[in-house]
Amino acid sequence: FRGVASFDMRATVNDSIREIRHYVQKEGFVGVRYLSWLWDLPPTHRKCYPIYAELVELDVPLCLQVGHTGPLRTSEYGRPIPYVEQIALDFPDLKIVCD
């Protein structure tokens, strides 16, 4: 099994990056998942961008849920266009996994 980390949008960006580094470098996690429906913030939110830059440096993919999100949550942020498209344009070296 391989782990995939996540980050808490309530934390500071620096704390999130520190935690991601720990899980990738020390615990062997192989990716980072952002659940936009959980935070009700799009994956293009500017607070995410320093984290995405760190994922490029760590050479691990960003995992995003696309499509329908489930009960009692909006599926808006699960649309590949414009959200995933914009991230790919802004971070051409970032590996993105859409599930």
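A disulfide is a pair of cysteine sulfur atoms within 2.5 Å, and with that cut-off in hand we can start our tour of this predicted model at its cysteines.

**Figure 1. The cysteines of the predicted model, where a search of the whole structure finds zero disulfides.** Let us begin with Cys48, a buried residue with a relative accessible area of 0%. The closest cysteine sulfur to that of Cys48 belongs to Cys63 and lies 14 Å away, which is too far for a bond. Cys63 also counts as buried, at 11% relative accessibility. For the sulfur of Cys63, the closest cysteine sulfur is in Cys98, and at 9.1 Å this one is too far for a bond as well.

**Figure 2. The whole protein chain, with four helices and four strands.** Before the next close-ups, here is the setting. Reading from the N terminus, the elements follow the order β-α-β-α-α-β-α-β. The C-alpha trace spans about 35 × 30 × 30 Å along its principal axes. How does the radius of gyration compare with that of a compact globule? A compact globule of 99 residues would have a value near 13 Å, and the protein chain agrees, with 13 Å. Buried residues account for 36% of the 99 residues. Taking contacts between residues at least 6 apart in sequence, 74% join residues at least 24 apart. The accessible surface of the chain is about 5,900 Å², and carbon and sulfur atoms contribute 55% of that area.

**Figure 3. Helix H4 (residues 80-90) and its buried side.** Which residues of H4 are buried? They are Tyr83, Val84 and Ile87. Around the axis these residues cover an arc of only 80°, which places them on the same side of H4. Look next at the face turned away from that buried side, and you will find the exposed residues Ile81 and Leu89. The cover over the buried residues of H4 includes helix H3 (49-58), strand S3 (62-64) and strand S4.

**Figure 4. Helix H3 and the elements that cover its buried residues.** The buried residues here are Tyr49, Ile51, Tyr52, Glu54, Leu55 and Leu58. Among the elements that cover them are helix H1 (13-26), S2, S3 and H4. Just after H3 comes Asp59, which has a positive phi, near 60°.

**Figure 5. A closer look at Glu54, a residue of helix H3.** Is Glu54 buried or exposed? With a relative accessible area of 11%, Glu54 is buried. Leaving aside residues up to four places away in sequence, Glu54 touches Ile17 and Arg21.

**Figure 6. The salt bridge between Arg33 and Asp99.** Side chains of opposite charge can pair when their charged atoms come close. In this pair, the N to O distance is 2.7 Å. Arg33 belongs to strand S2 (residues 32-34) and Asp99 to the segment after strand S4 (96-98), so the bridge ties together parts that are 66 residues apart in sequence. Both ends have some exposure: Arg33 is partly exposed at 22% relative accessibility, and Asp99 is partly exposed at 47%.

**Figure 7. Two further salt bridges, Asp8 with Arg10 and Glu76 with Arg79.** The count for the model comes to six salt bridges, and this view adds two of them to the picture. Between the side chains of Asp8 and Arg10, the N to O distance is 2.9 Å. How exposed are these partners? Asp8 is partly exposed, with a relative accessible area of 25%, whereas Arg10 counts as exposed at 68%. In the bridge between Glu76 and Arg79, the closest N and O atoms are 2.9 Å apart. Here Glu76 is partly exposed, with a relative accessible area of 30%, and Arg79 is partly exposed too, at 39% relative accessibility.

Technical notes: Residues are numbered from 1 along each chain as its sequence is written. This is a predicted model: local features need pLDDT of at least 70, side-chain atom pairs count only at pLDDT 80 or more; totals for chains, interfaces and linings use all residues. Side-chain values use heavy atoms; hydrogens and water are left out. A salt bridge is a side-chain nitrogen of Lys or Arg within 4 Å of a carboxyl oxygen of Asp or Glu. Buried means under 20% relative accessible area, exposed over 50%, partly exposed in between (1.4 Å probe, protein chains only). Helices (H or I, at least four residues) and strands (E, at least two) are DSSP runs, numbered from the N terminus. The arc is that of the directions from the helix axis to the C-beta atoms. Contact means heavy atoms within 4.5 Å. The radius of gyration is taken over C-alpha atoms; the globule rule is 2.2 Å times the number of residues to the power 0.38. Accessible areas come from the Shrake-Rupley method with a 1.4 Å probe; for residues, only the protein chains shown count as cover.
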